[in-house]
Amino acid sequence: MDARVDITDHYAFQKPGDPRRTILILNVNPLAPTHADEFRHDAVYETLVDTDGDARPDIAFRYRFSPKENGRQFASVARVELERELEDGHLEEEDEAELLVEHAPVSFGSEAHITHGRHGVRFFAGFRSDPFFFDLIGFLNGLKFTGSDFFVDKNVFGIALDLPNRLLGANPKIGVWTRTLVPMMLQPDHQTQADQMGRPAINTVFNKGNDKNTFNVTQPANQRNAITASGQTFLQVFIADLEALGGYTAAQADGIAKILLPDVLTFDFSSSAGFLNGRRLQDDVIDIELNLVTNGKVTGDGVGPHTDYLSEFPYLGKPHV
């Protein structure tokens with residue numbers, strides 16, 4: 001995948017010290033700037049919000065970028081109220097789009113340039129320290145963890161939005177996920193989904209081979225019944241993995257799998273609690289998920305939060321340079 005649209009993580013949490021506001025963060029470009037040193041100008045980056053619990057998006061926050069010229073790049077942010085269901089992974093028309101931020105400079109250095117927009121929105125996009133912490137090598141070595149944080153010195157390209165809760169709808173209990181879209185090869189005027197993420201590491205843990213790509217372009221509302229390369233549904237694959245990893249009974253595995261699918265980050269923006277309520281930068285999501293999927297057999301990877309998170313927006317630490 002093009003690193004510029006490869007989602008590493010996303011976060012949704014109540015703004016520290018202000019329960020009237022929410023922070024949304026979308027990170028892309030793993031190991032930046034090794035593979036890319038910009039946002040893709042012909043792509044669309046999105047944070048999607050489900051306001052009624054049906055795993056279908058009702059609101060989209062869309063981030064677009066200009067071409068990078070002379071070391072500079074600019075971003076715009078639009079809020080779109082969605083009326084049609086996203087069945088095929090293509091971009092819905094923007095008849096009801098409201099521009100929140102325009103001509104916001106992308107930060108390529110250590111300083112975080114913050115842009116103020118409509119409705120009191122604040123926006124950041126740029127080069128940042130990767131906030132994720134995980135013993136990736138131990139995971140790839142059959143869950144033999146040594147407490148070595150693969151991501152402690154890595155960078156990403158981050159997109160952060162500080163917004164009043166009212167822009168997320170009247171119901172504080174929402175679902176949030178992110179996706180990226182790129183021009184179709186034979187129809188460059190149309191954009192189609194390239195990557196998506198709901199809860200952290202779900203696709204990484206449960207899906208194998210090309211099933212990861214299928215999962216990335218399957219809309220959350222359709223994920224339980226979508227067919228994998230083995231001919232099973234994703235729900236059946238998740239159930240089998242939970243039985244194997246955690247020794248769960250079929251009934252227990254079915255119940256947990258139906259929580260994990262649809263793969264949407266559930267978030268009550270009236271609460272400051274962390275994961276599984278949204279996700280804060282410091283939340284040890286890997287320990288929580290390892291404990292769940294292994295039924296307590298593996299309680300963690302021995303890695304803790306980074307020490308470079310900022311106390312102020314955009315909260316992502318300065319890049320390692």
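**Figure 1. The largest pocket of this predicted model.** Start here, with a pocket that holds about 790 Å³ of space. Its lining counts 31 residues, and those nearest the centre are D6, I7, T8, M197 and T204. Several elements give at least two residues each to this lining: the strands β1 (7-14) and β11 (191-197), together with the helices α1 (136-140), α2 and α3. The largest share belongs to α3, which supplies four residues. By character, the pocket lining splits into 17 nonpolar, seven polar and seven charged residues.

**Figure 2. The largest cavity and its lining.** Let us turn from the pocket to enclosed space. The structure has two cavities of 30 Å³ or more, and the largest of them contains about 150 Å³ of space. Lining this cavity are 16 residues, with A201, V205, E289, L290 and V293 closest to the centre. Both α2 (202-206) and α6 (285-293) contribute at least two residues to the lining, and α6 gives the largest share, five residues. In the cavity lining you will find 14 nonpolar residues, two charged ones and no polar ones.

**Figure 3. A201, beside the cavity centre.** A201 is one of the residues closest to the centre of the largest cavity, so it deserves a view of its own. Where does A201 sit in the chain? Its place is in the loop between β11 and α2. The backbone has a twist worth a look here: phi of A201 is near 70 degrees, a positive value in a residue other than glycine. With a relative accessibility of 17%, A201 falls under the 20% cut-off and therefore counts as buried.

**Figure 4. Helix α4 and its packing.** Helix α4 covers residues 234-246, 13 residues in total. At 1.5 Å a residue these should span 18 Å, and the end C-alpha atoms are indeed 18 Å apart, so expectation and model agree. Which residues of α4 are buried? They are F234, L235, V237, F238, I239, D241, L242 and G246. In an α-helix there are 3.6 residues a turn, so residues three or four places apart point the same way. The buried residues of α4 pack against four other helices: α2, α3 (211-216), α5 (250-260) and α6. Just after α4 comes G247, which takes a positive phi of about 65 degrees.

**Figure 5. T294 and its partners from the end of α4.** T294 belongs to the segment after α6. Is T294 buried or exposed? T294 is buried, because its relative accessible area is 2%, under the 20% cut-off. Beyond its neighbours within four places in sequence, T294 is in contact with L245 and G246. Of these two partners, G246 is itself listed among the buried residues of α4.

**Figure 6. T47 in strand β3.** Here the view moves to a strand, β3 (residues 44-50), which holds T47. T47 has a relative accessible area of 2% and is buried. Its side chain makes a polar contact of 3.1 Å with the side chain of Y63. Setting aside neighbours within four places in sequence, the contacts of T47 are L24, I59, A60, F61, Y63, V176, W177 and T178.

**Figure 7. P220 and the residues it touches.** P220 lies in the loop between α3 and α4 and is buried, at a relative accessible area of 2%. Not counting residues up to four places away in sequence, P220 touches A55, W177, Q196, P262, D263 and V264. One of these, A55, is found in the loop between β3 and β4 (59-65). A55 has a positive phi of about 60 degrees, although it is not a glycine, and at 9% relative accessibility it counts as buried. For a sense of scale, P220 and A244 are 24 residues apart in sequence and 24 Å apart in space, C-alpha to C-alpha.

**Figure 8. Two cis peptide bonds, at P262 and P314.** P262, which P220 touches, is found in the loop between α5 and β12 (265-268). A cis peptide bond joins L261 to P262, with omega about 0 degrees. A cis bond also runs from F313 to P314, where omega is near 15 degrees. P314 lies in the segment after α6.

Key
Residues numbered from 1 in each chain as written. Predicted model: local features only at pLDDT ≥ 70, side-chain atom pairs only at ≥ 80, totals over all residues. Heavy atoms only, no water. 1 Å grid on protein atoms, 1.4 Å probe; cavity = no way out; pocket = protein on both sides within 12 Å on 5 of 7 lines; lining within 4 Å. Points joined across faces, edges and corners; volume = space filled by probe spheres on them. Nonpolar A, V, L, I, M, F, W, Y, C, P; charged D, E, K, R; others polar. Buried < 20%, exposed > 50% of the residue type's maximum accessible area, 1.4 Å probe, protein only. Contact = heavy atoms within 4.5 Å. Expected span 1.5 Å × (residues − 1). Polar contact = N/O pair within 3.5 Å; in protein donor to acceptor, adjacent residues only side chain to side chain.
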